[in-house]
Amino acid sequence: MKTSQQELYQEEIARCRRLYRGFENLEPFLLEAFQAVFSFIESYEEREGILEKVNFDKRKAWSRLKNGESMEINPTIQTRALVGILNELGQAVVRISPEIKDSITNFQKILENFQEKSKERVLKEEVWKLKELVVGEDILARDMATFIFTLALSAIYRFNLEAVSKGLRTDLWEGGNCALCGEKPHFGLLRSEDGAKIIECWLCGTQWNHIRIKCPYCSNTEQEQLGFFTVEENDSCRVQFCKKCSSYYKLFDTRSIAGENIVLSVHNLATLSYDLLAREEGFKAGSGLEWVNEGEKLELDD
Amino acid sequence: MELTRRSFLKLAGVTAAAASLTSVGYGKAQAASGERLRIRYTQEFHTICTFCGVGCGIICNVRDGVIVNAEGDPDHPINEGTLCSKGSSISNVSYVFDDKGKPVPNPKRLTNVLYRAPGSGRYEIKDWDWALETIAKRIKDTRDRTLEETAVVDGREVTVNRTNAMGWLGSAFCTGEENYLFHKMARAMGIINIDHCARL
């Protein structure tokens, strides 16, 4: 990740501040967190390289995607790099709110322990287990754990898969999960030129076109069961839902967002209150990413 | 070693409140609460533009049973998300203007099958199953009643298997393949008056 990318994120944060109410409160932490990840990856890259070998056969990709099979490419993750990023993110939390230093100290102890007993390289599944452990032990609340772990994992994935992702023939792909890594998506966009639904993998950043009126999780195309909600003052974030599998995902309508190079992951973080609304309306995240804590509820004036 | 809650607490030596996004300043609940973000539900439905023979795909946005917006369907192979000026304003077709010039949903919009029996002075509401079955039955009856099996041509009796009692009109909204099948179907029934709606 280059510094220019960091500037891109900063611009996006500024744009989101104008678009979404309440986001300004997350901004200082988000800036700290992105800074922590970017600078870690940059220095780590210089020291020993974070890049893992990715087995990707272009000829096989064509027939696999055509047959509706995702490439399922999951690079191995260097345990040291992962723990390093998670540690930096923990530091970022402490810098913003020093009063929760104790739980971050506990978090770092768990990370040390994880590094000791793990092999040099781990897979995504082991990282999820670590996340569940941290949540189960009440060290990080679910939303913070989702934030920290998705940020760390996606930074490593994107770093390793960016080149492959760009060359992938996603025009052949009609599935709802990621064509490259197989992960279930959490957000996407409506393209400004023609309104096409483009889904972005939160993990590896691959983008692909998906039929507008179709559920990416259960492939339901029954129009009566599909729909979306927006909030009255702002229609740039649509929460799309499917009543058959009771799932939701978010679409950002770039026709109503001025500017180019939109960083969707920042928009996702800026609209976490929509995730809360979706849960209150009875839907669960189709991606499996839980952005809402247990017992977290809307506080209404009336 | 599997790290259990107890072994962890021993390891850490302290217990503390879990760090959440609220603890770094971001309350999702506050962002959505107070003067509450009011939710608006919308449904999307596919349709085909009714104006010309190109047959562009449209996605209609429906809120509380009323069409609020229509846009080109980006997944439709004909128009790929675009619409002409007539097509872009097609959602207005479902509205009429009241005394104050405000658009209101057209109360006369047909939402049922209306049937007027021969000789009757009034319409009855019917369902689609009844309508399609009746149409099929009448086509079959008319064809059976009027089918000419042979005709005399140049003093010779030849097989014709045709009916002059019905005609078949093709549609420019259908694909070439669909129209091919309709043509075959009409021919199979003995219909010889086949025409097309294209204004060429």
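Colleague: What share of the 302 residues in chain A is buried, and what makes a residue buried?
Modeller: Buried residues make up 48% of the 302 in chain A. A residue is buried if 20 or more other C-beta atoms lie within 10 Å of its own, exposed if 12 or fewer, and partly exposed in between, with C-beta atoms placed from the backbone. Do keep in mind that this is a predicted model, where local features need pLDDT of at least 70, side-chain atom pairs count only at pLDDT 80 or more, and totals for chains, interfaces and linings use all residues. Residues are numbered from 1 along each chain as its sequence is written, while chains are lettered from A and ligands numbered from 1 in the order in which they are written.

Colleague: Why is Gln115(A) called partly exposed?
Modeller: Gln115(A) has 17 C-beta neighbours inside 10 Å, and partly exposed is the class between 12 or fewer and 20 or more, so Gln115(A) belongs there. Gln115(A) is found in helix 5 (residues 101–117) of chain A.

Colleague: Which residues is Gln115(A) in contact with, leaving aside its neighbours within four places in sequence?
Modeller: Those are Thr79(A) and Val83(A). Two residues are in contact if their C-beta atoms, placed from the backbone, lie within 7 Å.

Colleague: How do you know that helix 4 of chain A is mostly covered?
Modeller: Of its 18 residues, 13 are buried. Helix 4 covers residues 79–96 and reaches 26 Å from its first C-alpha to its last, close to the 26 Å expected at 1.5 Å a residue. That expected span is 1.5 Å times one less than the number of residues.

Colleague: What makes a helix or a strand here, and how many are there in chain A?
Modeller: Helices (H or I, at least four residues) and strands (E, at least two) are DSSP runs, numbered from the N terminus. Chain A has nine helices and nine strands.

Colleague: Why is chain A called as compact as a globular protein of its length?
Modeller: Its radius of gyration, taken over C-alpha atoms, is 19 Å, close to the 19 Å from the globule rule for 302 residues, so the description fits. The rule is 2.2 Å times the number of residues to the power 0.38.

Colleague: How do you know that strand 6 of chain A pairs with strand 1 of chain B?
Modeller: Two strands pair if DSSP finds at least two bridges between them. Four bridges join strand 6 (residues 226–231) of chain A to strand 1 of chain B, and these strands run antiparallel. Thr230(A) stands opposite Arg40(B).
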